[in-house]
Amino acid sequence: MATIEITQENLTQNVESSDILFLDFWADWCGPCKQFAPIYEEASQKHENITFGKVDTEDQQQLAAAAGITSIPTIMGFREGVLVFSQPGALNAQQFEQVIEAVQGLDMAEVHQQVAEAEKAQAETAE
């Protein structure tokens, strides 16, 4: 599957409808972004069951700000709607493949339980 353009308008839909979604926050002027682009594209072709999106931080400045992007490229990974990976900096092909495998191998029942416990603790602290 080729990469798709992610915008503020379609981000939520893609996070919710994709079992696994990777996002590449990039800009045209960014050298490391250009180096990482073919690695990201190759992974999107290899892993057809995963959604790969690209966020142009110049065009989508509000989305990048809301995501807390301070350095590009930044790669984010979502699984079942939960942010499970976020890291600035370009990865080589082997490193990115390890990240993909790690996200695929997550025990999502455990992740959802941890998220629920964190939300409960945060709600109790707010009271």
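Begin with helix 2 and helix 4 of this predicted model: their crossing is right-handed. Select residues 31–46 for helix 2 and residues 93–104 for helix 4; the two axes come within 10 Å and cross at roughly 45°. Helix 2 is therefore oblique to helix 4.

Next, display the side chains at this contact. From helix 2, show Phe36, Ile39, Tyr40, Ala43 and Lys46; these meet Ala93, Phe96, Glu97 and Ile100 of helix 4. By class, the contact comprises 7 nonpolar and 2 charged residues, with no polar ones.

Now move to strand 4, residues 74–79. Colouring by accessibility will show a strand that is mostly covered, with 6 of its 6 residues buried. In a regular strand, side chains alternate between the two faces of the sheet. Select Thr74, Met76 and Phe78 for one side of strand 4, then Ile75, Gly77 and Arg79 for the other: both sets are buried, and both faces are covered.

Add the strands that pair with strand 4. Strand 2, residues 20–26, pairs with strand 4 in the antiparallel sense over 6 bridges. Strand 5, residues 82–88, also runs antiparallel to strand 4, and 6 bridges join them. Thr74 is a convenient residue on which to centre the view. Phe25 stands opposite Thr74, while in strand 5 the bridge partner of Thr74 is Pro88.

From Thr74, step back along the chain to Pro73, in the loop between helix 3 and strand 4. Select Ile72 together with Pro73: the peptide bond joining them is cis, with omega about 0°.

Then go to the loop between strand 4 and strand 5, where Glu80 is found. The hairpin formed by these strands has 2 residues between them. What is the sign of phi at Glu80? Phi of Glu80 is positive, near 50°, although the residue is not glycine. Glu80 has a relative accessibility of 38% and so counts as partly exposed, whereas the residues of strand 4 are buried.

The last stop is Gln60, in the loop between strand 3 (51–56) and helix 3 (61–66). Is Gln60 buried or exposed? Its relative accessible area is 9%, under the 20% limit, so Gln60 is buried. To see what surrounds Gln60, select Ile6, Thr7, Gln8 and Val55, which are its contacts once neighbours within four places in sequence are left aside.

Note on methods
Residues are numbered from 1 along each chain as its sequence is written. This is a predicted model: local features need pLDDT of at least 70, side-chain atom pairs count only at pLDDT 80 or more; totals for chains, interfaces and linings use all residues. Side-chain values use heavy atoms; hydrogens and water are left out. Axes are lines fitted to C-alpha atoms, for helices over the stretch in contact, and angles run from 0 to 180 degrees between N-to-C directions. Helices (H or I, at least four residues) and strands (E, at least two) are DSSP runs, numbered from the N terminus. Angles under 35 degrees count as roughly parallel, over 145 as roughly antiparallel, 65 to 115 as roughly perpendicular and the rest as oblique. A crossing is left-handed if the near helix is turned anticlockwise from the far one by less than a right angle, and right-handed if clockwise. Contact means heavy atoms within 4.5 Å. Ala, Val, Leu, Ile, Met, Phe, Trp, Tyr, Cys and Pro count as nonpolar, Asp, Glu, Lys and Arg as charged, and the others, Gly among them, as polar. Buried means under 20% relative accessible area, exposed over 50%, partly exposed in between (1.4 Å probe, protein chains only). Two strands pair if DSSP finds at least two bridges between them.
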